[in-house]
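Open the model in your viewer and keep the selection box handy. We will go from stop to stop, and at each one you will learn what to pick and what is there.

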Amino acid sequence: MIEIRQLIKSFGKFRALDDISLSLKGHQAISLLGSNGSGKTTLIKSILGLVIPESGSISVNGKEVKHGYSYRADIGFMPQIGRYPDNMTIGQVINMVREMRSDVRAYDEDLIRDFGIEGLKNKVMRTLSGGTRQKVSACLAFLFNPGILILDEPTAGLDPLSSEILRAKISNEREKGKLILITSHVLSDLEGLASEVIYLQDGKLMFHRRVRDILESAGEEKLNKAVAKLMRSVSHGGEEK
Ligand SMILES: Nc1ncnc2c1ncn2[C@@H]1O[C@H](COP(=O)(O)OP(=O)(O)OP(=O)(O)O)[C@@H](O)[C@H]1O
């Protein structure tokens with residue numbers, strides 16, 4: 001569903017993405033890992049068409065990103081920090097976004113219900129806690145029932161119950177065949193959620209592997225331990241892709 005070929009992006013002389021090729025398919029929850037500054041956000045922004053790469057290509061559901069923005073209709077994006085008009089209420093923001101897509105017949109309001117957003121709809125955006133703001137961002141990302149979800153640090157700031165609600169939603173959507181790309185710095189957040197892991201370091205792709213294979217080859221039951229082991233081995237030896 002997302003094909004990235006030999007992607008290169010520099011900021012001045014600094015190479016933020018260095019020859020990245022990836023094939024991302026439906027039915028997967030893919031965890032995008034990497035230390036601060038490794039290129040995760042730049043990669044996500046390239047997929048969203050917000051960063052223009054200097055070479056290489058990205059196609060989403062067969063449409064080349066550089067040929068227009070229509071492909072974005074099938075991507076739901078949850079940013080790390082959602083920015084919304086300060087004086088609007090939650091209800092007004094959700095209605096405003098809903099009206100932007102009159103072509104959509106059935107909205108996905110599961111998270112609005114499960115997070116209890118109805119009871120908060122008169123709260124003004126500027127007064128929201130970080131976690132409630134995150135919940136609004138999550139509700140909006142899923143609202144149009146997109147085939148692809150890109151979630152940037154989705155559980156950061158969420159309380160344990162809300163985090164579990166979001167994890168369950170991600171699993172459900174994956175089972176329906178969606179492609180879900182998730183960045184997180186917390187390895188334990190991946191447990192039972194991710195089916196594939198991508199690891200970037202200094203703008204380079206260090207590995208893209210199935211969780212099952214990572215667990216098997218590390219001889220570990222816990223994904224966070226297995227991924228940490230693999231990260232150490234590729235960081236020191238520069239393993240596979
Ligand atoms: N607009 C920009 N101008 C100059 N340098 C940039 C720009 N955007 C990103 N960079 C640099 O590119 C590198 C990759 O940044 P990016 O935000 O993609 O990292 P990240 O993996 O998302 O990091 P984090 O985990 O901290 O969010 C960093 O060194 C960053 O300083």
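Leaving aside its neighbours within four places in sequence, which residues is Ile 150 in contact with? Select Ile 150 and you will find Ile 44, Ile 47, Ile 75, Phe 77 and Leu 181 in contact with it. Please remember along the way that this is a predicted model.

**Stop 1: the nonpolar core**

Stay with Ile 150 for a moment. The largest nonpolar core has 62 residues, and Ile 150 is one of the four that touch the most other members, together with Ile 30, Cys 139 and Ile 180. Now colour helix 4, residues 130-143: this helix supplies the largest share of the core, seven residues.

**Stop 2: strands 6 and 7**

Next, select residues 75-78, which make up strand 6. Ile 75 and Phe 77 point one way from the strand, while Gly 76 and Met 78 point the other way. All of these residues are buried. Add strand 7, residues 148-152, to your selection: it runs parallel to strand 6, and four bridges join the two. Phe 77 has Ile 150 of strand 7 as its bridge partner, and Phe 77 is also among the contacts of Ile 150.

Just ahead of strand 7, pick Asn 145, in the loop between helix 4 and strand 7. Its phi is positive, near 55°, in a residue other than glycine. Most residues other than glycine have a negative phi. Asn 145 counts as partly exposed because 17 other C-beta atoms lie within 10 Å.

**Stop 3: strand 3 and its two partners**

Select residues 28-33 to bring up strand 3. Is this strand largely enclosed or left open? Five of its six residues are buried, so the rest of the structure largely encloses it. Strand 8, residues 179-183, runs parallel to strand 3 and is joined to it by five bridges; look for Gln 28 opposite Leu 179. Strand 9, residues 196-201, also pairs with strand 3 in the parallel sense, over four bridges. Here the pair to look for is Leu 32 opposite Ile 198.

**Stop 4: the ligand**

Now show the ligand and the residues around it: Phe 11, Ala 16, Gly 34, Asn 36, Gly 37, Ser 38, Gly 39, Lys 40, Thr 41 and Thr 42. By type, this shell has two nonpolar residues, seven polar and one charged. Which element gives the most to the shell? That is helix 1, residues 40-48, with three residues. Follow this helix and you will meet its buried residues, Lys 40, Thr 42, Leu 43, Ile 44, Ser 46 and Ile 47. Right after the helix comes Gly 49, with a positive phi near 80°.

**Stop 5: an antiparallel sheet**

Four strands form an open sheet in the order 2-1-4-5, with antiparallel pairing. Strand 2 (14-24) and strand 5 (63-64) stand at the edges with a single partner strand each, so one side of each has no neighbour in the sheet. Zoom in on strand 1, residues 2-11, which runs antiparallel to strand 2 and is joined to it by eight bridges. Ile 8 sits opposite Asp 18 of strand 2.

Then move to Asn 61, in the loop between strand 4 (55-60) and strand 5. Its phi is near 50°, a positive value in a residue other than glycine. With 15 other C-beta atoms within 10 Å, Asn 61 is partly exposed.

**Stop 6: around helix 6**

Select Ile 214, which belongs to helix 6, residues 211-218. This residue is buried, with 20 other C-beta atoms within 10 Å. Not counting residues up to four places away in sequence, Ile 214 touches Val 197, Arg 209, Ala 226, Val 227 and Leu 230. If you draw a distance from Ile 214 to Val 227, the C-alpha atoms are separated by 6.9 Å, although the two are 13 residues apart along the chain.

Finish at Glu 220, in the loop between helix 6 and helix 7 (223-237). Glu 220 counts as partly exposed, with 16 C-beta neighbours inside 10 Å. Leaving aside its neighbours within four places in sequence, Glu 220 is in contact with Leu 215, Lys 225, Ala 226 and Lys 229.

**Stop 7: the annotated span**

For a last wide view, select residues 2-227, where an unreviewed UniProt entry places the feature "domain: ABC transporter". The span is 30% helix and 27% strand, and its end C-alpha atoms lie 23 Å apart.

Key
Residues are numbered from 1 along each chain as its sequence is written. This is a predicted model: local features need pLDDT of at least 70, side-chain atom pairs count only at pLDDT 80 or more; totals for chains, interfaces and linings use all residues. A residue is near a molecule or strand if its C-beta atom, placed from the backbone, lies within 6 Å of it. Ala, Val, Leu, Ile, Met, Phe, Trp, Tyr, Cys and Pro count as nonpolar, Asp, Glu, Lys and Arg as charged, and the others, Gly among them, as polar. A nonpolar core is a set of buried Ala, Val, Leu, Ile, Met, Phe, Trp, Tyr and Cys residues joined through C-beta atoms within 7 Å. A residue is buried if 20 or more other C-beta atoms lie within 10 Å of its own, exposed if 12 or fewer, and partly exposed in between; C-beta atoms are placed from the backbone. Two residues are in contact if their C-beta atoms, placed from the backbone, lie within 7 Å. UniProt positions are given in the numbering used here, feature names are shortened, and annotations may be inferred rather than shown by experiment. Two strands pair if DSSP finds at least two bridges between them.
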